[in-house]
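Visitor: Please take me through this model and give the reason behind each label.

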Amino acid sequence: MDYNILMEKAIEASKNSYSPYSKFPVGACVLTTNNKIYTGCNFENSSFGLTICAERNAIGSAIADGERKIKAIAIYSPNTDNCYPCGACRQVLHEFRPENGIDIVLKQGNELICHTIDELLPEGFNL
Ligand code: THU
């Protein structure tokens, strides 16, 4: 799968963001090991703590469709280069990590940069 396609879908998803409080739209696109694709955007609430990040929204759609292993995720915000996932989303990604890990794809100008979940969350929590 071409990661440019994942990023295009993350960009499209960011346009649906509901972020009237932070004015910080985010879109995410997840690729599963079954080569299925799911998108999500952040959505906020006047009770701020109820906000859901774009990554967890996309992951939730994948889980609801029966997927369990995430191969890659593209994350995008029009507000910043390199929109890194927050700590909570890193741990949620860790939960659905296949043996080969997860590629985290970010946009830096016109380029894509790629990290692994193990780089961004070494020693993630496991029960
Ligand atoms: N946000 C995400 O969607 N993903 C992240 O990994 C970091 C933060 C959202 C949550 C909130 O709606 C806005 O960005 C500002 O924190």
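Guide: A polar contact is a pair of N or O atoms within 3.5 Å; within protein, one atom must be able to donate a hydrogen and the other to accept it, and residues adjacent in sequence count only if both atoms are side-chain atoms. The model is predicted, so local features need pLDDT of at least 70 and side-chain atom pairs pLDDT 80 or more, while totals for chains, interfaces and linings use all residues. Residues are numbered from 1 along each chain as its sequence is written, and side-chain values use heavy atoms, without hydrogens and water.

Visitor: What makes Cys-86 a polar contact of the ligand?

Guide: A polar backbone atom of Cys-86 is 2.9 Å from a ligand oxygen. That value is within the limit, so the pair counts. Side chains take part too. An N or O atom in the Glu-44 side chain is 2.4 Å from an oxygen of the ligand. For the side chain of Asn-42, the distance to a ligand oxygen is 2.9 Å.

Visitor: How much of the ligand does the protein bury?

Guide: The protein buries 78% of the 370 Å² that the ligand exposes when taken alone. The areas come from the Shrake-Rupley method with a 1.4 Å probe; for residues, only the protein chains shown count as cover.

Visitor: Which residues are around the ligand?

Guide: Among them are Ser-22, Phe-24, Val-26, Asn-42, Glu-44, Tyr-84, Pro-85 and Cys-86. Each has a heavy atom within 4 Å of the ligand. The shell divides into seven nonpolar, three polar and two charged residues. Here Ala, Val, Leu, Ile, Met, Phe, Trp, Tyr, Cys and Pro count as nonpolar, Asp, Glu, Lys and Arg as charged, and the others, Gly among them, as polar.

Visitor: How do you know that β1 and β2 pair?

Guide: Two strands pair if DSSP finds at least two bridges between them. Five bridges join β1 (residues 27-32) to β2 (residues 37-41), so these antiparallel strands pair. Val-30 stands opposite Tyr-38, and Ala-28 is bridged to Gly-40. β1 also pairs with β3, in the antiparallel sense, over six bridges. There Cys-29 has Ala-74 as its partner. Strands (E, at least two residues) and helices (H or I, at least four) are DSSP runs, numbered from the N terminus.

Visitor: Which residues of β1 point which way?

Guide: Gly-27, Cys-29 and Leu-31 point one way, and Ala-28, Val-30 and Thr-32 the other. In a regular strand, side chains alternate between the two faces of the sheet. Six of the six residues of β1 are buried.

Visitor: Why is Cys-41 called buried or exposed?

Guide: Buried means under 20% relative accessible area, exposed over 50%, and partly exposed in between (1.4 Å probe, protein chains only). Cys-41 has 13%, so it is buried. Cys-114 has 42%, so it is partly exposed.

Visitor: How many disulfides are there, and how do you know?

Guide: The count is zero. A disulfide needs two cysteine sulfur atoms within 2.5 Å. The closest cysteine sulfur to that of Cys-41 is in Cys-53, 11 Å away, so too far for a bond. For Cys-114 the closest is in Cys-29, at 14 Å, so that pair is too far as well.

Visitor: What is the phi of Asn-35, and where does this residue lie?

Guide: Asn-35 has a positive phi of about 60° although it is not a glycine. Asn-35 is in the loop between β1 and β2, a hairpin with four residues between the strands. At 47% relative accessibility, Asn-35 is partly exposed.

Visitor: What about Asn-82?

Guide: Asn-82 is not a glycine either, and has a positive phi of about 50°. Asn-82 lies in the loop between β3 (70-76) and α3 (87-95). Its relative accessible area is 18%, so Asn-82 is buried.

Visitor: Why is Gly-60 called partly exposed?

Guide: Because its 34% relative accessibility falls in the middle class. Gly-60 lies in helix α2 (residues 54-64). From C-alpha to C-alpha, Gly-60 is 8.6 Å from Gly-40, with the two 20 residues apart in sequence.

Visitor: What makes Asp-2 and Asn-4 a polar contact?

Guide: The Asp-2 side chain reaches the backbone nitrogen of Asn-4 at 2.8 Å, within the limit, so the pair qualifies. Asp-2 sits in the segment before α1 (3-14). Asp-2 is partly exposed, at 42%.
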